[in-house]
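Me: I'd like a close look at one well-hidden helix in this model. Once you've described that part, please carry on from there and show me what else is worth finding on screen.

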Amino acid sequence: MNYKNAGWRKQMQIKLDYNNMMAEFIGEKEGFTDKEIKNGVKQFADNAFDVVQENRGTKMMGWTELPYNQTEIVDDIIATAKDIKKKFDNFVVLGIGGSALGPIAVFQALCHLRHNELPKSKRKAPKLYVEDNVDPERMAALLDVIDINKTMFNVVTKSGATSETMAQYLIIMDILKKKLGDKAKDHMIATTSMSKGNLIKIAKEEGLKTFYIPDGVGGRFSELCPVGLLPAAVVGIDIKELLAGAAYMDKLCKIKDVKKNPALISALLEFLSMKKGKNISVMMPYADSLKYIADWYCQLWGESLGKAVDNEGNEVFVGQTPVKALGVTDQHSQVQLYREGPFDKVITIIAVDNFRSTVDISNGCEDIPDVNFLCGHTMNELINTERKATEYALTTANRLNYTITLPEVNAFTIGQLLFMFEMETAFTGAMLNIDTFNQPGVEGGKNATYALFGRKGYEKTKEEMDNAPKKNPNYVC
Ligand code: PA5
């Protein structure tokens, strides 16, 4: 309950340091001057701020209100999670994209890093599996390790139509019914749209416990609604603290001054960088706990900003390719490219001041100074020193980079981080003058799958696909 204390909240505020985006540090050619930032504010950020403010809580921006409007839902989720914890050993999420990446990211961030491997007495919560693919080997492997009798499934799909998720649902429901008969329904929860799609109909027919994804909350913006909150609560995460963190960040995001609004300044910096041809956004947390925050960010950034047309229908083909990296692991692979390859990237480093464990580096090798220099230090010092070293190496090579620092990884700071990235995405989309919240490219792929599988209503797409040029065998070797 620390988050109820104003002093603690202030202490836990995440910080954004963009010194290394500035000309002062990386030179005039790559970096931005104060004047460029001021002009950017006038030309783009002020308007983007107004657009986002005006649309808050409306249309597909319903997610901005999630930190405030879920009191009853949160109580239901907590009660349901309590019951699940008592009765089940495993909780399996069936879902893909926005229905999976948030739960995975928050689980990795806030639970023990080996949660599923801990003995039950230490874990004190079910194991969590998030099945976000239709690889048959993966499904078979899951079924090899879980006892269906001790497993609760949560099928999550906003559209209630996604092939991958519905295929998983069909497979699991069939197994449940064969094994448990009438009790099958007690092993499946549906999280879906209240008004659209097939899953809601199925859930009603089968008598499943149901949670709803509000209309104005798209898949990739859904982590802070039941999509993410239920799995989080099941594994013991304080979801009220998570939402309090989001609300705390939201207060900062409501400030028009870019110097006080981390989401707005980072949006402006990314937008100005895009205009200079920086088409790649690298997300590099220096903490294993934040590894999958980078995956979640890649979906949010890529699917929201990668658009062919602007709001007036003009072809613009905008977006930045998001890339995930992990510090320090990727210092030994990708950082070579980041420091010496093309000048086409903005690198976001995520730092953690205080890790939840401290590990000393043991004494030894007294007669080998090149190894012994590590002794007397901690792994905590090593990871953060290497982060600073990478920051320095990038900056001296004139590479655009900035750092977001979490005082520690907890539900409050993760709530802030998720909400900050969501707001940054909304601000950037407004600067690009695109629809941040649609995904016609993703839907194109979904429709082609429906057509190839002979789904009714997709005959025209099937015909188009059948008439597409046949592959030339000369180009296959
Ligand atoms: O952000 C999005 O809208 C998508 O990535 C969806 O989350 C993904 O396609 C899954 O969709 P649904 O929740 O309808 O199954």
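**A helix on the inside**

Reply: Start with helix α10, which runs over residues 226–234: 9 of its 9 residues are buried, so the rest of the structure largely encloses it. Buried here means under 20% relative accessible area, exposed means over 50%, and partly exposed is in between, using a 1.4 Å probe and protein chains only. Helices are DSSP runs of H or I with at least four residues, strands are E runs of at least two, and both are numbered from the N terminus. Before going on, keep in mind that this is a predicted model, where local features need pLDDT of at least 70 and side-chain atom pairs count only at pLDDT 80 or more, while totals for chains, interfaces and linings use all residues. Residues are numbered from 1 along each chain as its sequence is written, and side-chain values use heavy atoms, leaving out hydrogens and water.

Back to α10. Click along it and you'll pass Pro226, Val227, Gly228, Leu229, Leu230, Pro231, Ala232, Ala233 and Val234, which are its buried residues. Just past the end of α10 sits Gly236, with a positive phi of about 95°. On the other side, the loop between β6 (209–213) and α10 holds Arg220. Arg220 counts as buried too, because its relative accessibility is 3%. If you want a sense of distance, the C-alpha atom of Arg220 is 29 Å from that of Ser333, and these two residues are 113 apart along the chain.

Gly236 has company if you're hunting for positive phi values. Phe317 has a phi near 45°, which is positive even though the residue is not a glycine. You'll find Phe317 in strand β9 (residues 315–318), and it counts as exposed because its relative accessible area is 59%. Cys365 is not a glycine either, yet its phi is positive at about 50°. Cys365 lies in the loop between β11 (345–354) and α15 (369–372), and at 37% relative accessible area it is partly exposed. For another backbone feature, look at Gly327 and Val328: the peptide bond joining them is cis, with omega at about 0°. Val328 belongs to the loop that runs between β10 (321–324) and α14 (335–340).

Next, the charged pairs. There are 17 salt bridges in the structure, each one a side-chain nitrogen of Lys or Arg within 4 Å of a carboxyl oxygen of Asp or Glu. In one of them, the side chains of Arg56 and Asp250 come together at 2.7 Å, N to O. Arg56 is in the loop between α3 (34–55) and α4 (71–87), while Asp250 is in helix α11 (residues 239–253), so this pair ties together parts 194 residues apart in sequence. Both partners, Arg56 and Asp250, are buried. Add Lys254 to Arg56 and Asp250 and you get a linked network of salt bridges.

Another one pairs Lys177 with Glu206, with the closest N and O atoms 2.8 Å apart. That salt bridge links distant parts of the chain, since Lys177 is in helix α8 (residues 163–180) and Glu206 in helix α9 (residues 199–206), 29 residues apart. Lys177 is partly exposed at 39% relative accessible area, and Glu206 is partly exposed at 24%. Lys345 and Asp344 also form a salt bridge, at 2.7 Å from N to O, and both Lys345 and Asp344 are buried.

Finally, zoom in on the ligand. It is surrounded by 14 residues, the closest being Thr157, Lys158, Ser159, Thr162 and Gln299; to be near, a residue needs a heavy atom within 4 Å. By class, this shell has 9 polar, 4 charged and 1 nonpolar. Oxygen atoms of the ligand lie 2.8 Å from a polar backbone atom of Lys158, 3.0 Å from a polar side-chain atom of Glu303 and 3.1 Å from a side-chain N or O atom of Lys446. The protein covers 92% of the 380 Å² of accessible area that the ligand has on its own.

Note on methods. A polar contact is a pair of N or O atoms within 3.5 Å; within protein, one must be able to donate a hydrogen and the other to accept it, and residues adjacent in sequence count only if both atoms are side-chain atoms. Accessible areas come from the Shrake-Rupley method with a 1.4 Å probe; for residues, only the protein chains shown count as cover. Ala, Val, Leu, Ile, Met, Phe, Trp, Tyr, Cys and Pro count as nonpolar, Asp, Glu, Lys and Arg as charged, and the others, Gly among them, as polar.
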